[in-house]
Amino acid sequence: MNNFGLYLMAALYFAAGVIHLLKPRIYLRMMPPWVPMPLAAVLVSGVLEMAFAIGLLFAATRSPSAWGIILLLIAIFPANVYMLTSGKFHRIPQILLILRLPLQLVLIWWAYQYV
């Protein structure tokens, strides 16, 4: 896989992690009500995104970081389903909420390129 894709992935996950920490309210709305300690979950996921993003940049930590991203994408999938089914996100076009579900598979595939 080329370096551009790797650096782009690292930059996107690092930026997403920063946003988790700076604007957690955005992500709190997406949390299903059954998630315990939602603020902690948002903050921890943001820190993990940043850590995995940095880990992608080094050969020694690239594979475990890519696996971490894959596991994180799987862990957040219920939040994407919740966004689609809760009725709370009517300002987001329904088609985008639907397309977000298979996008997770694309993101998992992308991360898998670096394991």
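In α5, the residues Leu97, Leu101, Gln104, Leu107, Trp110 and Ala111 are buried (under 20% relative accessible area with a 1.4 Å probe, protein chains only; exposed is over 50%, partly exposed in between). The model is predicted, with local features requiring pLDDT of at least 70 and side-chain atom pairs pLDDT 80 or more, whereas totals for chains, interfaces and linings use all residues. Residues are numbered from 1 along each chain as its sequence is written, and side-chain values use heavy atoms, without hydrogens and water.

Helix α5 (residues 94-112; helices are DSSP runs of H or I of at least four residues, numbered from the N terminus) comprises 19 residues. Its first and last C-alpha atoms lie 28 Å apart, close to the expected 27 Å (1.5 Å times one less than the number of residues). A bend of about 35° occurs at leucine 101, with proline 102 following within four residues; the bend is the angle between axes fitted to the seven residues ending there and the seven starting there. The cover over the buried residues of α5 includes α1 (3-22) and α4.

Within α4 (residues 59-85) lies leucine 72, which is buried at a relative accessible area of 13%. Beyond neighbours within four places in sequence, leucine 72 contacts Ser45, Leu48 and Glu49 (heavy atoms within 4.5 Å). The C-alpha atoms of leucine 72 and leucine 48 are 8.3 Å apart, although 24 residues separate them along the chain.

Helices α1 and α3 (residues 38-56) pack at about 155°, with axes 7 Å apart (lines fitted to C-alpha atoms over the stretch in contact, with angles from 0 to 180 degrees between N-to-C directions). The pair is therefore roughly antiparallel (over 145 degrees). Contributors to the contact include Leu6 and Met9 of α1 and Val42 and Leu43 of α3.

Note on methods:
Helices (H or I, at least four residues) and strands (E, at least two) are DSSP runs, numbered from the N terminus. Angles under 35 degrees count as roughly parallel, over 145 as roughly antiparallel, 65 to 115 as roughly perpendicular and the rest as oblique.
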